[in-house]
Amino acid sequence: MAVRLFEARQHVEFYQKYRFSPAENLQRVIFSYLEEKKLAPTRLAVDVGCGSGQSTRILAARFEEVVGTDISEAQIQAAKEAASFPNVSYRVCPAEELPFEDGSVDLVTAFAAAHWFDIPRFMKEVDRVLRPHGCMALSTYFPNFSVHYKDCSERLTEILTETQDLLFEYADEKVNRVIGEYKEVFDLSPFQDKRRFLETMGVGSKETQVEIWVPCVCVLGCKGP
Ligand SMILES: C[S@@+](CC[C@H](N)C(=O)[O-])C[C@H]1O[C@@H](n2cnc3c(N)ncnc32)[C@H](O)[C@@H]1O
């Protein structure tokens, strides 16, 4: 059964405000792989579990058409409202039932999302929609972020780790499974811990910028002839 945790309007607003696009080095890994695999033509890329579209838009310059899909209507609505590119569109659908013809897709991606899917059904669907030599890139970042701000980086990182340890006790089953497989991360900290961050940093504004160093993993695949 699908996990429906991403639907609330407030959640979508947090996504728009705080979610970051896939890291540059992760993008390099994916695009180098596509070059290595000589992915051409590059007509259609599908970003599954696209949320509010941060991950989808990075594909716009490299494909004639990019479609972001998500099970959440609220997320897709937010993606449609965000600034984007003319060749990017969005659709509401489950990852396990993609609305594309057999062999019609050049690239399937999922950024920080695949662990929520019914993986065997999703993989079957990827295999169905990908054309021969089409590629797949499923990535996520690990929870062991480090936070960098002036001379309190070490303490901030400790606070984040303590918070994550607390949160993981209440995590959805799929997250627990993912932690075991690709060590999934929570992207929202409880308000209390944000306050602790601010105290440690000696600042008052919740808008203070910190650097977050995020390790990632990416599963790449190319469909044989
Ligand atoms: C952590 S967010 C990642 C969003 C986006 N890819 C990003 O990197 O910002 C996970 C997304 O997967 C979507 N999702 C979860 N289960 C899904 C499913 N079975 N089919 C399609 N989307 C799903 C959620 O609605 C959510 O928007």
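**Helix α5, ligand surroundings and ring contacts**

On one side of helix α5, E154 and L166 are exposed. The model is a predicted one. The opposite side of α5 holds a set of buried residues: S153, L156, T157, I159, L160, T163, Q164 and F168. Viewed down the axis of α5, these buried residues fall within an arc of 165°, so they line one face of the helix. An α-helix has 3.6 residues a turn, so residues three or four places apart point the same way. Helix α5 covers residues 153–168, which makes 16 residues. From its first C-alpha to its last, α5 reaches 22 Å. That span is close to the 22 Å expected at 1.5 Å a residue.

The ligand has 20 residues around it. Of these, R19, G49, D70, A95 and F111 come nearest. Polar contacts to the ligand come from side chains and from backbone. A polar side-chain atom of D70 lies 2.6 Å from a ligand oxygen atom. For E96, a polar side-chain atom lies 3.2 Å from a nitrogen atom of the ligand. F111 contributes through its backbone: an N or O atom there lies 2.8 Å from a ligand nitrogen atom. Thus D70 faces an oxygen atom of the ligand at 2.6 Å, while E96 and F111 each approach a nitrogen atom.

Ring contacts were also examined. A search of the whole structure finds 1 aromatic pair. A charge–ring contact involves R62 and F31. The charged end of R62 sits over the F31 ring, 3.8 Å from the ring centre.

Technical notes
Residues are numbered from 1 along each chain as its sequence is written. This is a predicted model: local features need pLDDT of at least 70, side-chain atom pairs count only at pLDDT 80 or more; totals for chains, interfaces and linings use all residues. Side-chain values use heavy atoms; hydrogens and water are left out. Rings of Phe, Tyr and Trp (its six-membered ring) pair if their centres lie within 6.5 Å; planes under 30 degrees apart count as stacked, over 60 as edge-to-face and the rest as tilted. A charge sits over a ring if NZ of Lys or CZ of Arg is within 6 Å of the ring centre and within 35 degrees of the ring normal. Helices (H or I, at least four residues) and strands (E, at least two) are DSSP runs, numbered from the N terminus. The expected span of a helix is 1.5 Å times one less than its number of residues. Buried means under 20% relative accessible area, exposed over 50%, partly exposed in between (1.4 Å probe, protein chains only). The arc is that of the directions from the helix axis to the C-beta atoms. A residue is near a molecule or strand if one of its heavy atoms lies within 4 Å of it. A polar contact is a pair of N or O atoms within 3.5 Å; within protein, one must be able to donate a hydrogen and the other to accept it, and residues adjacent in sequence count only if both atoms are side-chain atoms.
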